[in-house]
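Here are some notes for a colleague who is opening this structure without having seen it before. Please keep the view at hand while reading, and take the points in order.

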Amino acid sequence: MRYAILGDIHGNLAALEAVLEAVDGDFVDRILQVGDVVGYGAAPREVIAILRDRGTPTVKGNHDAACTGELHPRFFNPNARAAVDFTVGELTKEDLRWLADLPLTERTDDCSISHGTLSRPERYDYIQSTEDADPSLDVLDRPVCFLGHTHVPVSILRLVDSPNRTSYTIDRTLDLSESTVALVNVGSVGQPRDED
């Protein structure tokens, strides 16, 4: 099974369309989305419509939860709070219901997906270090969990030859046969913060 994993679209329709054009021609069997469908970008309704029409398995991100009133945006920066207000004004009741109904985690036969941590997804905590990753690696029951949230691509893993040590890599290619479990942050479709 070949997956395309989309991270943090944030209502950026042009970026989503570009990525989908690339993956649709790349013999991908299934697309998964790791949350933050909305926020920042100007086209939240269009992005939701594409994911909904494609039946893309999607988990709830913190911006999605803020727009549905499930998470108070008081800790968001001023631009993110303004984006929540804008987005809520753009979405229909059906769009908001779709966001509210998104699960916090999802599992396939091959992988798990979550927005922030897998161990406590309802908290929308960031994984920014190997220590942050340990609780999620401890509960991971698939070879890999795909994440977003930080917008920075990184893989955090426990290697077969050193299973008690948590490591990380920023390599773009990862051989999962060398790890016992791995968390892979796929970055962001709609607002990269990797300086690329």
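Which hand does the crossing of α2 and α5 have? The first point takes this up, and the later points move outward from there to the sheet and to the protein as a whole.

1. In this model, which is a predicted one, the crossing of α2 and α5 is left-handed. The axes of α2 and of helix α5, which covers residues 93–100, come within 11 Å and cross at roughly 60°, and that makes α2 oblique to α5. On the side of α2 the contact is made by R45, I48, L51 and R52, while α5 brings E94, D95, W98 and L99 to it. Sorted by character, the residues of this contact of α2 with α5 comprise four nonpolar and four charged ones, with no polar residue among them.

2. Helix α2, residues 44–54, also packs with helix α1, residues 13–24, at an angle of about 30° and with the two axes 9 Å apart. An angle under 35 degrees counts as roughly parallel, and α1 and α2 are therefore roughly parallel to each other. The crossing of α1 and α2 is left-handed as well. Here L13, L16, L20 and D24 from α1 meet E46, V47, I50 and R54 from α2, and the residues of this contact of α1 with α2 divide into five nonpolar and three charged, again with no polar one.

3. Turning to the strands, the reader will find an open sheet of six strands, with mixed pairing, in the order β3-β4-β5-β8-β6-β7. Its edge strands are β3, at residues 105–107, and β7, at residues 162–169, each of which pairs on one side only. On average, and with direction ignored, neighbouring strands of this sheet are turned by 15° against each other.

4. Strand β6, residues 154–159, deserves a separate look, with its partners taken one by one. Strands β6 and β8, the latter at residues 179–185, run antiparallel and are joined by six bridges; the bridge partner of S155 in β8 is V184. Five bridges join β6 to β7, and these two strands run antiparallel too, with I156 standing opposite Y168 in β7. The connection from β6 to β7 is a hairpin, made through two residues. As general background, strands of a sheet pair through backbone hydrogen bonds, either parallel or antiparallel.

5. Which helix packs on the sheet, touching β6, β7 and β8? That helix is α6, residues 130–139, and its direction makes about 60° with that of β6.

6. For the overall picture, the protein has six helices and eight strands, and read along the sequence these follow the pattern β-α-β-α-α-α-α-β-β-α-β-β-β-β. Taken along the principal axes, the C-alpha atoms of the protein fill a box of roughly 50 × 40 × 30 Å. A compact globule with 196 residues would have a radius of gyration near 16 Å, and the value for this protein, 16 Å, agrees with that.

Methods: Residues are numbered from 1 along each chain as its sequence is written. This is a predicted model: local features need pLDDT of at least 70, side-chain atom pairs count only at pLDDT 80 or more; totals for chains, interfaces and linings use all residues. Side-chain values use heavy atoms; hydrogens and water are left out. Axes are lines fitted to C-alpha atoms, for helices over the stretch in contact, and angles run from 0 to 180 degrees between N-to-C directions. Helices (H or I, at least four residues) and strands (E, at least two) are DSSP runs, numbered from the N terminus. Angles under 35 degrees count as roughly parallel, over 145 as roughly antiparallel, 65 to 115 as roughly perpendicular and the rest as oblique. A crossing is left-handed if the near helix is turned anticlockwise from the far one by less than a right angle, and right-handed if clockwise. Contact means heavy atoms within 4.5 Å. Ala, Val, Leu, Ile, Met, Phe, Trp, Tyr, Cys and Pro count as nonpolar, Asp, Glu, Lys and Arg as charged, and the others, Gly among them, as polar. Two strands pair if DSSP finds at least two bridges between them. The radius of gyration is taken over C-alpha atoms; the globule rule is 2.2 Å times the number of residues to the power 0.38.
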